[in-house]
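Please look over the sequence and the structure shown here before reading on. The report that follows moves from confidence and overall layout to the interior.

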Amino acid sequence: MHEKDKTPQRLFGCAEHTDPRSEFNFTDEDYTLVWESLLGAIGESNYFSGKIHTDHEGFCSVLTISVIIYRDREQPECPVCDIVPIWWQMATYSNFDGEGELCKECPNDFEFCDLRRVCKGN
């Protein structure tokens with residue numbers, strides 16, 4: 001199997017060790033960008049399944065996700081108070097080619113628990 005064919009399975013804790021210098025590192029600001037993009041796609045729904053594209057400084061990400069959305073029904077606007085993934089995958093890319101297509105996919109250190117932390121405001 002070629003190195004490029006291996007997919008880290010971070011959701012289940014089976015990820016192979018990768019060289020940290022070759023990973024894109026998600027900062028708090030990056031998680032906030034992903035959360036804001038996801039929140040915009042969710043709208044008023046209690047379930048979402050789709051792809052969220054986010055541009056970051058130096059890379060872009062595509063979150064493919066199926067998620068159940070929990071809302072605080074005691075608040076007038078029923079804001080999202082938690083999200084529970086059914087399935088997710090975060091792909092990160094180094095840049096775009098000249099035709100607007102995503103180029104090289106690179107490993108990342110994205111963790112869903114950190115996205116939930118942003119969701120909950122902690």
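## Confidence in the model

The quantity called pLDDT is the predictor's confidence in each residue, on a scale from 0 to 100. It is needed here since this is a predicted model. Among the helices and strands of the protein, confidence is highest in α1, at 96, and lowest in strand β4 (residues 105-106), where the mean is 86.

Taken over the whole protein, the mean pLDDT is 82, and 75% of the residues reach 70 or more. Residues 1-20 need care in reading, for pLDDT stays under 50 over this stretch, and the model gives it 14 contacts beyond four places in sequence.

## Overall layout

The protein has two helices and four strands, and, read from the N terminus on, these elements follow the order α-β-β-β-β-α. Of the contacts with a separation of 6 or more, 52% are made by residues that lie 24 or more positions apart.

Among the 122 residues of the protein, 33% count as buried. The area that the protein exposes is about 7,800 Å², and carbon and sulfur atoms supply 49% of it.

## The nonpolar core

In soluble globular proteins, nonpolar side chains tend to be buried together. In this model the largest nonpolar core has 24 residues, and those with the most contacts inside it are Leu38, Leu63, Ile83, Phe110 and Leu115. At least two residues of this core come from each of α1 (28-42), β1 (47-55), β2 (60-71), β3 (80-93) and α2 (112-120), and α1 gives the most, with five residues.

Ile83 is a useful residue to follow by eye. Leaving aside residues up to four places away in sequence, isoleucine 83 touches Trp35, Leu38, Val67, Ile68, Ile69, Phe112, Leu115, Arg116 and Cys119.

## Isoleucine 65 in strand β2

Is isoleucine 65 buried or exposed? Isoleucine 65, which is found in strand β2, is buried, with a relative accessible area of 1%. When residues up to four places away in sequence are not counted, isoleucine 65 touches Leu38, Phe48, Ser49, Gly50, Trp87, Trp88 and Phe112. One of these partners, tryptophan 88, is 23 residues from isoleucine 65 in sequence, yet their C-alpha atoms are 4.2 Å apart in space.

## The buried side of α2

Which residues of α2 are buried? They are Phe112, Leu115, Val118 and Cys119. These residues lie on the same side of α2, because they cover an arc of only 115 degrees around the axis. What covers the buried residues of α2 includes α1, β2 and β3. Just after α2, glycine 121 takes a positive phi of about 75 degrees.

## The cysteines

How many disulfides does a search of the whole structure find? The search finds zero. Cysteine 81 is in no disulfide, and the nearest cysteine sulfur, that of cysteine 119, is 7.1 Å away. Cysteine 119 is likewise in no disulfide, with the sulfur of cysteine 81 as its nearest cysteine sulfur. For a pair to count as a disulfide, the two sulfur atoms must be within 2.5 Å.

The surroundings of these two cysteines can also be set side by side. Cysteine 81 is partly exposed, with a relative accessible area of 35%, whereas cysteine 119 is buried, with a relative accessible area of 9%.

Methods. Residues are numbered from 1 along each chain as its sequence is written. This is a predicted model: local features need pLDDT of at least 70, side-chain atom pairs count only at pLDDT 80 or more; totals for chains, interfaces and linings use all residues. Side-chain values use heavy atoms; hydrogens and water are left out. A nonpolar core is a set of buried Ala, Val, Leu, Ile, Met, Phe, Trp, Tyr and Cys residues joined through side-chain atoms within 4.5 Å. Buried means under 20% relative accessible area, exposed over 50%, partly exposed in between (1.4 Å probe, protein chains only). Contact means heavy atoms within 4.5 Å. The arc is that of the directions from the helix axis to the C-beta atoms. Accessible areas come from the Shrake-Rupley method with a 1.4 Å probe; for residues, only the protein chains shown count as cover.
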